[in-house]
Amino acid sequence: MENPINNKILATANVRRNLNSDDLYSAAIASGEGKASKHEALVVTTGEKTGRSANDKFFVKEASSEDKIHWGDTNVAISEDNFNKILKAFEAYAQEKELYVHDLFGGADRDFTLPVTIITEFAWHGLFSRHMLVRPTEKELENFSSDFTIINFPNLKLDPSTYGINSETVIAINLDKKIILIGGTQYAGETKKSVFTLLNYLLPDRNTMPMHCSVNTGKDGDSAVFFGLSGTGKTTLSADPNRSLLGDDEHGWSDEGLFNFEGGCYAKLIRLSKDAEPEIFATTQMKNSVIENVVMTADGELDLDDNSITENTRGAYPLDFIPGVTMSGKTSHPKNIIMLTADAFGILPPIAKLTPAQAMYHFLSGYTAKVAGTEMGLSSEPTATFSTCFGAPFMPRNPIEYGNLLKKKISEFSVDCWLVNTGWSGGVYGVGERISIKNTRHLLNEALSGNLSNIEMRKDENFGFMIPISIAGIDSSILNPRNTWTDPNAYDAQANKLINMFIENFKKFEADVDEKIKSSGPIIN
């Protein structure tokens with residue numbers, strides 16, 4: 001059943017519906033939206049917006065959802081009147097345009113899936129959406145009934161003074177009318193994250209945990225969840241040749257197990273190494289992969305080290321481009337949860353074991369460093385930040401709801417939890433060195449295999465979690481970050497700065513969590 005709003009948008013347009021990937025690729029090349037690389041990947045640029053426009057996202061304040069939204073700096077309100085004005089601008093803009101329409105699913109488990117219709121003016125945005133969401137079967141398309149519509153018109157720029165928004169860009173979410181309007185940005189990630197936001201809003205009511213994470217499964221059926229913001233290693237570390245990938249970014253955890261929200265991956269490509277990340281590198285050499293904001297040489301080769309457009313270069317590709325992927329989109333309950341952080345201060349150890357209470361503390365804290373380019377307006381250096389649930393920009397509800405749901409599932413399914421630092425060691429960013437992917441992979445393999453269950457550990461004097469004293473194949477000095485600094489006193493001073501940041505950030509949760517969780521954070525020595 002078509003949303004009445006869709007009918008208005010599509011009334012006079014030349015509609016091209018549910019084209020396959022080859023046809024969308026050809027249409028994007030023919031219209032000049034992108035160029036073919038030497039290996040026939042589709043190379044596109046996104047203009048001024050090379051990352052998410054976090055300050056331009058709004059929720060309509062209306063009766064059906066007002067009490068469920070956690071209003072604040074992340075979830076900002078827009079009036080119904082202003083939304084309706086924006087909608088009319090979209091309807092006027094669509095007249096006699098060529099539009100690409102796709103009927104897709106958010107969620108591989110059909111018991112929890114969200115049917116969405118995506119309407120865009122760019123063929124390559126259609127290809128991106130087809131990669132990133134779950135494609136219905138032909139039979140499912142015959143009876144497809146969309147719950148939500150996402151309309152993305154990158155070339156439509158609005159006057160902020162007329163529409164009550166912050167800039168010419170807008171992402172406006174109306175949960176009552178079941179529609180999201182995206183305008184003024186060519187960055188395709190806004191469409192993907194809009195679906196994620198909807199699932200984050202809807203699924204907790206069904207005792208299902210929505211997660212900003214990657215998931216893979218070992219040969220013995222042992223699944224692992226990797227929480228983390230962009231740039232912390234979710235995609236890289238979950239693409240393990242010895243484990244089967246479920247997905248690299250968004251998942252649900254129901255009473256039956258884990259399931260992927262997506263049908264593809266959206267990997268960061270800047271300085272991608274063929275040797276360190278062969279599975280992801282191979283996708284850049286495949287036809288129909290969408291390569292965003294990567295410089296292409298005159299002979300059609302991709303220069304993955306060139307950041308002259310942005311640090312946030314990206315590749316979007318379907319899951320079946322990765323060998324050994326779990327194509328069902330579903331797997332068992334996790335045995336391990338990994339919380340990834342890129343610590344720009346060089347304080348956290350490369351791996352630590354968390355108690356369930358510590359896991360909830362660090363999940364609510366969501367500490368990492370945002371890497372330049374992931375969002376518009378970030379400086380050229382990583383910026384330390386706390387992003388609740390490792391995905392605050394996409395969480396419409398109160399973070400405590402997500403934290404309590406995670407705590408419940410960790411307890412119910414006896415999950416081991418780990419904090420893994422993929423950031424810096426031996427000093428702050430600019431002084432120390434980033435922990436190598438090789439070392440991180442080795443540490444993860446030891447944790448996921450169970451080899452760290454019975455080894456000697458010490459209690460960290462700052463954070464209270466347990467740290468292995470030695471691990472075969474790893475230089476023991478890096479396990480204690482204080483030992484990697486040339487000046488231990490400088491480490492202590494920097495550690496106290498970071499601890500104070502944790503304590504100050506967690507004050508907003510103290511009234512809603514029990515004493516055990518409050519006391520699971522770091523302490524000043």
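This report walks through the overall form, the cores, the cysteines and a few individual residues of the protein above.

The model is predicted, so local features need pLDDT of at least 70 and side-chain atom pairs count only at pLDDT 80 or more, while totals for chains, interfaces and linings use all residues. Residues are numbered from 1 along each chain as its sequence is written, and side-chain values use heavy atoms, leaving out hydrogens and water.

**Overall form**

Let's start with the whole chain. The protein has 15 helices and 30 strands; these are DSSP runs numbered from the N terminus, with helices (H or I) of at least four residues and strands (E) of at least two. Its C-alpha trace spans about 70 × 55 × 45 Å along the principal axes. The radius of gyration is 23 Å, which agrees with the value near 24 Å for a compact globule of 525 residues. That radius is taken over C-alpha atoms, and the globule rule is 2.2 Å times the number of residues to the power 0.38.

Of the 525 residues, 61% count as buried. Here buried means under 20% relative accessible area, exposed over 50%, and partly exposed in between (1.4 Å probe, protein chains only). About 20100 Å² of the protein is exposed, and carbon and sulfur atoms supply 47% of that area, as computed by the Shrake-Rupley method with a 1.4 Å probe. Among contacts (heavy atoms within 4.5 Å) with a separation of 6 or more, 73% join residues 24 or more positions apart.

**Cores**

A nonpolar core is a set of buried Ala, Val, Leu, Ile, Met, Phe, Trp, Tyr and Cys residues joined through side-chain atoms within 4.5 Å. The largest one has 48 residues, and F227, I337, M339, F363 and L406 have the most contacts inside it. Elements giving two or more residues to this core include strand 22 (334-341), helix 10 (356-365), helix 11 (399-412) and helix 14 (488-506). A second, separate core holds 27 residues, among them I78, L99, V101 and Y163.

What does F363 touch, not counting residues up to four places away in sequence? Its partners are M209, F227, M339, T388, C389, F390, Y402, G403 and L406.

**Cysteines**

With a disulfide taken as a pair of cysteine sulfur atoms within 2.5 Å, the count comes to zero. Two of the cysteines are set out here.

| Cysteine | Nearest cysteine sulfur | Relative accessible area |
|---|---|---|
| C265 | C213, 12 Å | 1%, buried |
| C389 | C213, 12 Å | 1%, buried |

For C389, the distance to the sulfur of C213 is too far for a bond.

**Helix 4 and the loop after it**

Why is helix 4 described as largely enclosed by the rest of the structure? Because nine of its 10 residues are buried; they are A123, W124, H125, G126, L127, F128, S129, H131 and M132. T137 lies in the loop between helix 4 (123-132) and helix 5 (138-142). At 41% relative accessibility, T137 is partly exposed. Its C-alpha atom is separated by 9.8 Å from that of L104, 33 residues apart along the chain.

**N174**

N174 lies in strand 9 (residues 170-174) and is buried, with a relative accessible area of 2%. A polar atom of the N174 side chain lies 2.9 Å from the backbone nitrogen of K177. Leaving aside neighbours within four places in sequence, N174 is in contact with V60, E62, F83, F148 and I179.

Methods:
A polar contact is a pair of N or O atoms within 3.5 Å; within protein, one must be able to donate a hydrogen and the other to accept it, and residues adjacent in sequence count only if both atoms are side-chain atoms.
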